[in-house]
Amino acid sequence: CRLCFANVYIEKAGKKSKSAERRGIKSLFGLKSSRMLRLMLNNSVRLWQVKELAACTELSLGQVSNIRRALLDQHYAIVSETGGFCINQPAALLSEWRRNYKKNVSNRVSGFYSILKPEDRLNAVREAISEAKKKESGIMLSGLSAARWQAPFLKSMGERFYADKEGMEILKKHLMLESVKVGPNVIIEEPKDPFIFKEATECAPGLKCTSEIQTYLDLYIAGEREREA
């Protein structure tokens with residue numbers, strides 16, 4: 001700021017608080033905020049209204065407004081003449097999310113071994129997902145198992161899932177799983193936010209996968225082989 005009157009001249013300058021900036025980034029890529037980011041990145045050319053986003057993500061109007069403000073303040077979104085807003089730098093936003101992404105979406109990660117052959121295992125997965133749908137529980141392929149159908153560049157002999165508690169029991173039954181600490185060929189993660197199951201896509205008849213955005217983030221932090229995928 002600069003004040004100048006009579007024979008008084010005052011000028012003062014300061015630097016933006018780095019801690020405040022980091023808090024803003026943290027909140028933007030938080031567990032609940034992720035619902036809105038995944039939806040908008042999967043529909044990056046669409047204009048959104050706050051009420052519409054709140055209904056689609058099951059977030060409050062206040063939460064959506066705060067995320068909207070953070071996106072605008074950090075220049076990842078723009079407001080149209082009609083009042084709607086959209087992501088205008090999807091690649092930059094996804095890159096920043098990737099840098100700040102941590103594997104904190106899971107409550108529990110469990111390793112199992114299935115004696116079923118890959119072709120039999122696939123049929124068992126379809127049966128498990130079908131049963132989960134009837135019981136309104138959550139199961140979907142994730143990581144390399146999802147990438148196998150979305151972008152098949154690498155082969156994986158094992159399977160990886162997101163599943164809720166009931167979904168895990170269904171998978172155990174259909175895939176004939178036994179708990180192991182070493183050499184699992186089936187990994188099941190229980191997500192902290194069950195809303196992630198509502199974002200599942202049908203990657204093949206009878207199969208549900210994580211959204212492409214979630215698959216990308218999970219693969220990127222999983223290791224060199226997964227990052228290559």
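**Exercise 1. In this predicted model, determine what the side chains of Glu189 and Arg160 form where they meet, and which elements the pair ties together.**

Solution. The side chains of Glu189 and Arg160 come together in a salt bridge, with an N to O distance of 3.0 Å. The next step is to place the partners: Glu189 belongs to strand S9 (residues 186–191) and Arg160 to strand S7, so the pair ties together parts of the chain that are 29 residues apart in sequence. The last step is to assess the cover of each partner. Glu189 has a relative accessible area of 1% and is therefore buried, whereas Arg160, with a relative accessible area of 31%, is partly exposed.

**Exercise 2. Work out which residue forms a salt bridge with Glu159, and state whether Glu159 is buried or exposed.**

Solution. The partner is Arg148, and the closest N and O atoms of the two residues are 3.0 Å apart. Arg148 sits in helix H7 (residues 143–150) and Glu159 in strand S7 (residues 159–163), so that the bridge links distant parts of the chain, eleven residues apart. Turning to accessibility, Glu159 is buried because its relative accessible area is 8%, while Arg148 counts as partly exposed at 24%.

A further bridge can be handled in the manner of these steps. The side chains of Lys135 and Glu131 meet in a salt bridge at 2.8 Å, N to O; Lys135 is partly exposed at 43% relative accessibility, and Glu131 is buried at 13%. In addition, Arg108, Lys165 and Glu190 are linked in a network of salt bridges. The count of salt bridges in the model comes to twelve.

**Exercise 3. Identify the residues that touch the most other members of the largest nonpolar core, and the elements that give two or more residues to this core.**

Solution. The largest nonpolar core holds 24 residues, and those touching the most other members are Leu28, Met36, Met40, Leu71, Phe85, Leu93 and Trp97. Two or more residues of this core are given by each of helix H2 (33–42), helix H3 (50–57), helix H4 (61–73), strand S4 (85–87), helix H5 (90–100) and helix H9 (212–222). Trp97 can then be followed in detail: with its neighbours within four places in sequence left aside, Trp97 is in contact with Phe29, Ser34, Leu37, Arg38, Leu41, Ile213 and Leu217. Another core, of 22 residues, lies apart from the largest one and has Ala124, Ala146, Ala163 and Leu177 among its members.

**Exercise 4. Explain why the buried residues of H3 line one face of the helix, and find the elements against which they pack.**

Solution. The buried residues in H3 are Leu53, Ala54 and Thr57. Viewed down the axis of H3, the buried residues fall within an arc of 100 degrees, and therefore they line one face of the helix. An α-helix has 3.6 residues a turn, so residues three or four places apart point the same way. On the other side of H3, Lys51 and Ala55 are exposed. The packing partners of the buried residues of H3 are H2, H4 and S4. After H3 comes Glu58, which has a positive phi, near 60 degrees.

**Exercise 5. For Tyr101 and Asn88, determine where each residue lies, and which residues each one touches beyond four places in sequence.**

Solution. Tyr101 lies in the loop between H5 and strand S5 (106–114), and with a relative accessible area of 10% Tyr101 is buried. Not counting residues up to four places away in sequence, Tyr101 touches Gln214, Leu217, Asp218 and Ile221. The C-alpha atoms of Tyr101 and Lys12 are separated by 37 Å, and these two residues are 89 residues apart along the chain.

Asn88, for its part, is in the loop between S4 and H5, and counts as partly exposed because its relative accessibility is 34%. With residues up to four places away in sequence not counted, Asn88 touches His75, Tyr76, Ala77 and Ile78. From C-alpha to C-alpha, Asn88 and Val45 are 8.0 Å apart in space, although 43 residues apart in sequence.

**Exercise 6. Find which residues make the nonpolar surface patch of about 290 Å², and classify Phe5 by accessibility.**

Solution. The patch is made by Leu3, Phe5 and Ile10. Of these residues, Phe5 lies in strand S1 (residues 2–5), and the relative accessibility of Phe5 is 48%, so Phe5 counts as partly exposed.

How values were computed: Residues numbered from 1 in each chain as written. Predicted model: local features only at pLDDT ≥ 70, side-chain atom pairs only at ≥ 80, totals over all residues. Heavy atoms only, no water. Core = buried A, V, L, I, M, F, W, Y, C linked by side-chain atoms within 4.5 Å. Buried < 20%, exposed > 50% of the residue type's maximum accessible area, 1.4 Å probe, protein only. Helix = DSSP H or I, 4+ residues; strand = E, 2+ residues; numbered from the N terminus. Contact = heavy atoms within 4.5 Å. Patch = residues over 30% accessible without salt bridge, like charges linked within 9 Å, V, L, I, M, F, W, Y side chains within 5 Å. Areas by Shrake-Rupley, 256 points an atom, 1.4 Å probe, with all protein chains shown as cover. Salt bridge = Lys/Arg side-chain N within 4 Å of Asp/Glu carboxyl O. Arc of directions from axis to C-beta.
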